Amino acid sequence: MPATLGLFQGLGRGSDEEFVFPSPRRAGHLTRQAIGDVCHKWGRRAGFHVHPHQLRHSHATHAVQRGIDVFTLQATLGHSTSATTGHYVASNPRDSSSLRLG
């Protein structure tokens, strides 16, 4: 699993011209369906269900938990409004804005 973790941590850190999921068989990127197939395959091997959209939600939730503001996250996810981004972020019942005020 360390190789997979390293792969995920490095995603999106290349140049703007590089694909996050390049195709190993042809020039260009993997299709949406191929990415889903890879996630399902990796999930089966690890013993749980993995879907690409779950990864997107997890990224958003972890980013906010680590202090990324919603507007930066909005730009990263490509949302046109911060309201859409808010739907991606899992709420933490132990957290409150009042806890961060002082």
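**A tour of the five helices**

Begin by selecting arginine 32, which is found in helix H2, residues 32-46; helices here are DSSP runs of H or I with at least four residues, strands are runs of E with at least two, and both are numbered from the N terminus. What you have open is a predicted model, in which local features need pLDDT of at least 70 and side-chain atom pairs count only at pLDDT 80 or more, while totals for chains, interfaces and linings use all residues. Residues are numbered from 1 along each chain as its sequence is written, and side-chain values use heavy atoms, with hydrogens and water left out.

Stay with arginine 32 and display its surface: this residue counts as exposed because its relative accessibility is 67%, where exposed means over 50% relative accessible area, buried under 20% and partly exposed in between, with a 1.4 Å probe and protein chains only. Now add proline 52, which lies 20 residues from arginine 32 along the chain, and you will find their C-alpha atoms separated by 8.9 Å.

Next, select helix H3, residues 52-65. Its 14 residues should span 20 Å at 1.5 Å a residue, and the end C-alpha atoms of H3 are indeed 20 Å apart, which agrees; the expected span is 1.5 Å times one less than the number of residues. Which residues of H3 are buried? They are Ala60, Thr61 and Ala63. Viewed down the axis of H3, these buried residues fall within an arc of 165°, so they line one face of the helix; the arc is that of the directions from the helix axis to the C-beta atoms.

Colour H4 and helix H5 (82-88) as well, since the buried residues of H3 pack against both. Alanine 60 touches Leu73, Leu77, Tyr88 and Val89, leaving aside residues up to four places away in sequence, a contact being heavy atoms within 4.5 Å.

Then select Ala60, Ala63, Leu73, Leu77 and Tyr88 together, the five residues of the largest nonpolar core. Such a core is a set of buried Ala, Val, Leu, Ile, Met, Phe, Trp, Tyr and Cys residues joined through side-chain atoms within 4.5 Å. Helix H3 and helix H4 (70-77) are the elements that give two or more residues to this core.

After H3, stop at glycine 67, whose phi is positive, near 100°.

Finally, zoom out to the whole protein chain, which has five helices and zero strands. Of its 102 residues, 16% count as buried.
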